[in-house]
Amino acid sequence: MTLDEIRVKIDAIDTQIKPLFFDRMDCSRQVAEAKREMGSDSVFMLERELSIIEKRAADVDPVLYDEYVAFLRHLMSVSRRYQYGILTEMQDKALAAAEEKAGVDETVEHTQVKIGFTCEKAASDLNMFINMIKLNGITIDQMSLDTKDGRQIVEILLDGNLTEGNMRQLLCQIAKESEDFQILALQ
């Protein structure tokens with residue numbers, strides 16, 4: 001096959017993936033709505049996701065195993081992002097708690113939000129948190145990472161305002177999927 005022929009085949013595959021992606025996102029919407037009705041305050045279930053990945057990747061050729069797992073993890077992250085966007089009540093609750101704890105007021109003029117969180121080094125998904133930021137169209141101005149006693153301590157300065165939808169969605173997701181999440185400052 002020529003390079004042009006291979007690209008045509010890739011385009012055809014991508015065209016087939018598109019409606020499946022929309023179907024999957026519709027299922028994600030339905031899950032979010034069911035969770036809203038149940039009053040659930042959880043979208044991220046690590047054990048469930050790891051189990052799904054393990055089952056779906058069990059028969060994958062070792063040559064492509066890591067890429068397939070990365071694909072599944074990214075797809076699940078996108079799905080969770082979509083659910084957090086639907087669950088605005090969850091956003092409000094998570095951010096109100098973080099704002100109260102930090103003693104900040106989102107109505108005060110600011111263009112940056114400094115956050116902090118921790119995660120276990122051995123199970124760190126720092127790349128997924130960075131990907132969440134990118135998926136929400138938010139820019140990182142500064143980031144620090146320190147490891148102490150097997151825990152990663154992360155601080156990130158984000159461009160944006162707490163009243164913006166994408167920022168609220170992102171911070172809710174990080175709050176729900178990390179440990180010790182806090183808003184450190186509004187600047």
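In this predicted model, the buried residues of helix 6 pack against helix 3, helix 4, strand 1 (112-120), helix 5 (126-135), strand 3 (151-159) and strand 4 (179-186). The residues of helix 6 that are buried are Met 167, Arg 168, Gln 169, Leu 170, Leu 171, Cys 172, Gln 173, Ile 174 and Glu 177. Helix 6 itself covers residues 165-177, and for its 13 residues a rise of 1.5 Å a residue predicts a span of 18 Å, which agrees with the 18 Å computed between its end C-alpha atoms.

One of the buried residues of helix 6, Cys 172, has a relative accessibility of 0% and therefore falls in the buried class. Cys 119 is likewise counted as buried, because its relative accessibility is 8%. A disulfide is a covalent bond between the sulfur atoms of two cysteines, and a pair of cysteine sulfur atoms is assigned as one when they lie within 2.5 Å. The cysteine sulfur closest to that of Cys 119 belongs to Cys 172 and is 18 Å away, so the separation is too far for a bond. Seen from the other residue, Cys 172 takes part in no disulfide, its nearest cysteine sulfur being that of Cys 119. The resulting count for the model is zero disulfides.

Helix 3, which is among the elements packed against the buried residues of helix 6, also meets helix 4. Helix 3 (residues 62-86) and helix 4 (residues 88-102) pack with their axes 5 Å apart and at an angle of about 85 degrees, and the two helices are therefore roughly perpendicular to each other. The contact brings Tyr 84, Gly 85 and Ile 86 of helix 3 together with Thr 88, Met 90 and Gln 91 of helix 4. Classified by residue type, this contact of helix 3 with helix 4 comprises three nonpolar and three polar residues, with no charged residues.

Helix 3 is, in addition, included in what covers the buried residues of helix 1. These buried residues of helix 1 are Met 25, Ser 28, Ala 32 and Lys 35. Helix 1 (residues 3-38) has 36 residues, which at 1.5 Å a residue should span 52 Å, and the distance of 51 Å between its end C-alpha atoms agrees with that expectation. Just after helix 1, Gly 39 adopts a positive phi of about 80 degrees.

Key: Residues numbered from 1 in each chain as written. Predicted model: local features only at pLDDT ≥ 70, side-chain atom pairs only at ≥ 80, totals over all residues. Heavy atoms only, no water. Axes fitted to C-alpha atoms, helices over the stretch in contact; angles between N-to-C directions. Helix = DSSP H or I, 4+ residues; strand = E, 2+ residues; numbered from the N terminus. Parallel < 35°, antiparallel > 145°, perpendicular 65-115°, else oblique. Contact = heavy atoms within 4.5 Å. Nonpolar A, V, L, I, M, F, W, Y, C, P; charged D, E, K, R; others polar. Expected span 1.5 Å × (residues − 1). Buried < 20%, exposed > 50% of the residue type's maximum accessible area, 1.4 Å probe, protein only.
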